[in-house]
Amino acid sequence: MNKDILLWDETIFRNPEILELDHIPEKFEHRETQLKGIGYSLIPATRNMRPVNCLVSGPPGTGKTTAVLKIFNEIYENSNKVHTVKVNCQIDSTRFAVVSRIYKEVLKLKPPSSGISFLRVFENLMEKLIEEEKALIVSLDDINYLFHDGHADKIMYSLLRAHEQYPGVKIGVVVIISETGKLYNFDQKVSSVFLPEEIYFPRYNYDELYDIVTTRVEHAFFENVVSEDVKKRIVEYIDSTGDLRVGIDLLKRAGLNAERRADRKIIIEDVDNAYEKSRLLHLCRNLRSLTKDEKSLLSLVVNQNTVHAGELYSLFHDITGLGYTRFYEIVTKLESFHYLTTNFTGKGRRGRTRHIKLNYPSSDIIKCLEQSV
Ligand SMILES: Nc1ncnc2c1ncn2[C@@H]1O[C@H](COP(=O)(O)OP(=O)(O)OP(=O)(O)O)[C@@H](O)[C@H]1O
Ligand SMILES: [Mg+2]
């Protein structure tokens with residue numbers, strides 16, 4: 001029998017769990033500065049000091065969530081004086097849901113789900129922290145999902161000023177925000193008390209991606225499954241999006257494609273075919289985080305492909321009733337996320353006109369927008 005053909009119960013994956021997105025890698029290369037920044041701010045909590053609040057930001061798939069979880073794990077392993085709670089704001093997207101999540105983690109029981117106010121749950125939580133003499137560190141991951149209806153401002157305000165009303169509580173907040181463009185401005189009441197240590201996660205460059213992929217490949221696959229050429233192809237794909245999440249998904253799908261062909265080696269075609277899916281996964285996930293108005297604007301551009309800014313504004317205004325300032329903010333945000341390109345031409349009737357063009361094939365955007373409703 002040809003030894004390069006897989007038997008039905010054989011696999012090329014040495015440790016398949018290493019290619020799951022929630023896996024926390026042991027080796028976390030090229031993020032030493034960021035890990036130190038987060039560590040220096042939070043670790044004082046283990047010595048009875050109030051932790052320093054952090055603002056962790058950067059483009060998607062650059063290791064923000066993972067870095068914070070690594071520091072949380074370190075704190076958990078070395079101290080029993082601190083509660084660390086990770087809140088995924090995509091799941092817990094209101095002030096009440098956030099406080100309930102924290103309550104559940106700290107008190108190890110579910111808060112009553114109805115007939116109880118936010119303040120009541122919050123008060124019980126504070127009393128528990130005081131009684132235990134423990135600090136609390138909360139990470140609000142993907143906080144943009146709380147920006148609607150002032151939830152982010154309200155929960156931040158409650159957490160940051162808790163010590164004024166409940167003397168003795170020590171709370172630190174780690175805000176994680178996946179944005180390349182303009183950051184959200186908290187309202188005045190929050191920003192006067194939220195003066196965080198800012199930790200930025202830039203995109204990885206080609207060489208950094210190469211190192212990270214090399215380590216993953218070594219741990220995830222058996223020897224000789226991934227050739228140098230295949231690895232480089234994978235790194236090129238990741239480099240084009242900047243999102244390591246795509247890369248990890250790509251490794252997994254390429255491996256599965258090879259197994260489907262009953263091969264012991266991944267070939268370039270396995271990677272190319274996998275990328276078709278991984279690429280969309282990335283776009284769909286990011287589009288999911290846009291607000292309704294942002295999605296409306298994007299849909300309008302999709303229908304037109306290239307459009308004058310003025311025309312687009314009037315269509316947008318008809319649908320949403322929003323004014324020009326908001327329209328302009330959304331265009332700028334969508335451009336900074338690379339969904340759109342805006343450029344000036346010399347053509348328009350009134351001199352220079354701004355054109356807005358889609359950077360992705362319309363069909364991709366449509367597929368993802370349909371999934372995200
Ligand atoms: N330096 C690194 N070494 C090894 N793996 C990494 C590194 N940085 C990121 N990863 C991996 O890349 C994937 C994405 O990382 P993570 O989820 O932390 O990104 P993120 O910045 O939080 O992204 P998003 O903004 O989309 O939430 C994870 O599977 C993570 O394990
Ligand atoms: Mg994240």
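These legends go with close-up views of salt bridges in a predicted model.

**View 1. Lys128 meets Glu131 in helix H4.** Here Lys128 pairs up with Glu131 in a salt bridge, and their closest N and O atoms sit 4.0 Å apart. Both residues belong to helix H4, which covers residues 118-132. They are three residues apart, or about one turn of the helix. As for the surroundings, Glu131 is exposed, at 61% relative accessible area, while Lys128 is partly exposed, at 23%.

**View 2. Lys128 also bridges to Glu132.** Glu132 forms a salt bridge with Lys128, with 4.0 Å between the closest N and O atoms. These two are four residues apart in helix H4, so about one helical turn separates them. Glu132 comes out as partly exposed, with a relative accessibility of 27%.

**View 3. Asp270 and Arg261 form a salt bridge.** The closest N and O atoms of this pair are 2.6 Å apart. Is Asp270 buried or exposed? Asp270 counts as buried because its relative accessibility is 3%, and the cut-off for buried is under 20%. Its partner Arg261 is partly exposed, at 36% relative accessibility.

**View 4. Shared partners make a network.** Zoom back to Lys128, Glu131 and Glu132, and you can see them joined into one network by salt bridges that share partners. Lys128 takes part in the bridge with Glu131 and in the one with Glu132. For the wider context, searching the whole structure turns up 15 salt bridges.

Key: Residues numbered from 1 in each chain as written. Chains lettered and ligands numbered in written order. Predicted model: local features only at pLDDT ≥ 70, side-chain atom pairs only at ≥ 80, totals over all residues. Heavy atoms only, no water. Salt bridge = Lys/Arg side-chain N within 4 Å of Asp/Glu carboxyl O. Buried < 20%, exposed > 50% of the residue type's maximum accessible area, 1.4 Å probe, protein only.
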